[in-house]
Amino acid sequence: MSSRGPLEADSTDRKRYTSPEYRELVAGPLDPLVHPDPQHPTRLYRRVRRIVRWLVKVLFRVMVIGVENIPAPPYIIAANHQAWFDPAFIIPFFPEAPVIYTMAKRETVFNSGWKRRLLPLIGVFPISPQRGELDEAGLRTVYQVLERRGVVLIFPEGRYSRGRALRPLKAGIGFFALQAGVPICPVTVRGTDRLRPFSRIEVTIGPPVLPDAPAWWELSSRVQKIVDNVRLALTNGLRRRRPQ
């Protein structure tokens with residue numbers, strides 16, 4: 001699939017490979033703590049997104065580069081991770097629909113009734129990671145969101161990085177892309193590690209990384225190729241010379 005802008009026609013009829021594991025998980029029940037229709041964001045999601053976009057543009061000098069590289073959904077956003085508020089500099093600058101879903105720990109974030117009612121309305125879904133990897137319920141949710149032509153935001157480093165140095169990327173993102181047959185949209189954010197009012201934040205959206213490795217490759221090699229391509233895209237974004 002070639003790079004296309006966010007306003008172009010969707011890819012409903014696009015043929016894509018999906019693995020047996022993907023199809024099996026997609027067929028399972030959807031977690032009740034997941035907004036079920038990414039094509040129709042809730043009013044709260046739209047409102048929060050617009051307010052956050054306005055706030056970050058007022059409080060900081062935000063430059064967004066590469067909007068034309070956003071592929072048609074479904075896709076995965078892979079971003080470097082400098083601070084907990086990085087999503088505020090990513091999600092508002094993507095199309096309002098479909099919903100961009102993010103993950104949060106079931107045990108520590110979805111730990112009260114009001115959170116369980118509120119968080120699904122803004123695209124947050126629960127996971128219970130084990131040794132840094134998604135549990136089966138979390139993996140099922142990722143695949144079900146993609147099957148509904150939604151978007152999932154993932155930070156493949158797993159932990160915060162600093163400046164231009166990336167931590168090693170977890171291989172999971174490569175598995176997700178291959179099993180679901182969806183592109184990865186690499187996004188680099190610079191400046192959030194030392195955030196202060198009116199500081200400059202640069203968000204770079206790179207060309208999609210496509211899961212199109214030769215079919216005869218062993219799965220582990222194909223996964224590693226995708227992870228390597230994502231790392232290269234994020235590294236290139238971090239190294240990009242800032243305009244004077």
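**Entry 1: Leu25**

I looked up what Leu25 touches in this predicted model. Leaving aside neighbours within four places in sequence, I found Leu25 in contact with Glu136, Leu139, Arg140, Tyr143 and Gln144. I placed Leu25 in helix H1. I then checked one pair by its C-alpha atoms: Leu25 and Arg140 are 115 residues apart along the chain, yet these atoms are separated by 5.2 Å. Is Leu25 buried or exposed? Its relative accessible area is 9%, and the cut-off for buried is under 20%, so I put Leu25 down as buried.

**Entry 2: Thr18**

I moved back along the chain to Thr18, which lies in the segment before H1. Thr18 has a relative accessible area of 14%, so it is buried too. Not counting residues up to four places away in sequence, I listed Arg23, Gln179 and Ala180 as what Thr18 touches. Of these, Gln179 and Ala180 are in helix H5 and are buried there.

**Entry 3: Helix H5**

I took H5 next. How many of the nine residues of helix H5 are buried? I noted eight, so this helix, residues 172–180, is largely enclosed by the rest of the structure. The buried ones are Gly172, Ile173, Gly174, Phe176, Ala177, Leu178, Gln179 and Ala180. I also looked for what covers them. The cover includes helix H1 (20–26), helix H4 (136–147) and H6. It also includes the strands E2 (75–79), E5 (151–154) and E6 (184–190). Just after H5, I noted that Gly181 takes a positive phi of about 65°.

**Entry 4: The whole chain**

I stepped back to count elements. The chain has six helices and seven strands. Read from the N terminus, I wrote their order as α-α-β-β-β-α-β-α-β-α-β-β-α. The chain has 244 residues, and 50% of them are buried. I then looked at contacts with a separation of 6 or more: 77% of them join residues 24 or more positions apart. For the accessible surface I noted about 12600 Å², with 55% of it belonging to carbon and sulfur atoms.

**Entry 5: Nonpolar cores**

I looked up the largest nonpolar core and found that it has 55 residues. Those with the most contacts inside it are Ile77, Ile90, Phe94, Tyr143, Ile184 and Val187. Which helix gives the largest share of this core? I found that helix H6 (residues 219–239) does, with six residues. Tyr143 was already in my notes, as one of the contacts of Leu25.

I followed one of the listed residues, Ile90. Not counting residues up to four places away in sequence, Ile90 touches Ile77, Ala79, Leu153, Phe155, Val187 and Val189. Apart from this core lies another, of five residues. Among its members I noted Leu33, Phe110, Leu119 and Val124.

**Entry 6: A patch on the surface**

I then turned to the surface. Which residues form a nonpolar patch there? I found Leu44, Val48, Trp114, Leu118 and Leu121, with about 400 Å² of accessible area together. Helix H2 (43–59) and helix H3 (113–118) are the elements that give two or more residues to this patch. I placed Trp114 in H3.

**Entry 7: Backbone exceptions**

I ended with the backbone angles. Most residues other than glycine have a negative phi, and most peptide bonds are trans. I therefore listed the exceptions to that general rule.

I noted two cis peptide bonds. One runs from Pro73 to Pro74, with omega near 5°. Pro74 lies in the loop between strand E1 (61–65) and E2. The other runs from Ala97 to Pro98, and its omega is also near 5°. I found Pro98 in the loop between E2 and strand E3 (100–105).

I also noted two residues other than glycine with a positive phi. Arg149 has a phi of about 65° and sits in the loop between H4 and E5. Phe198 has a phi near 70° and is found in the loop between E6 and strand E7 (200–205). Which of the words buried and exposed fits each? Arg149 is at 17% relative accessibility, so I count Arg149 as buried. Phe198 has a relative accessible area of 56%, so I count Phe198 as exposed.

Conventions: Residues are numbered from 1 along each chain as its sequence is written. This is a predicted model: local features need pLDDT of at least 70, side-chain atom pairs count only at pLDDT 80 or more; totals for chains, interfaces and linings use all residues. Side-chain values use heavy atoms; hydrogens and water are left out. A nonpolar core is a set of buried Ala, Val, Leu, Ile, Met, Phe, Trp, Tyr and Cys residues joined through side-chain atoms within 4.5 Å. Buried means under 20% relative accessible area, exposed over 50%, partly exposed in between (1.4 Å probe, protein chains only). Helices (H or I, at least four residues) and strands (E, at least two) are DSSP runs, numbered from the N terminus. Contact means heavy atoms within 4.5 Å. Patches are made of residues with over 30% relative accessible area and no salt bridge: like charges are joined within 9 Å, nonpolar side chains (Val, Leu, Ile, Met, Phe, Trp, Tyr) within 5 Å. Accessible areas come from the Shrake-Rupley method with a 1.4 Å probe; for residues, only the protein chains shown count as cover. A salt bridge is a side-chain nitrogen of Lys or Arg within 4 Å of a carboxyl oxygen of Asp or Glu.
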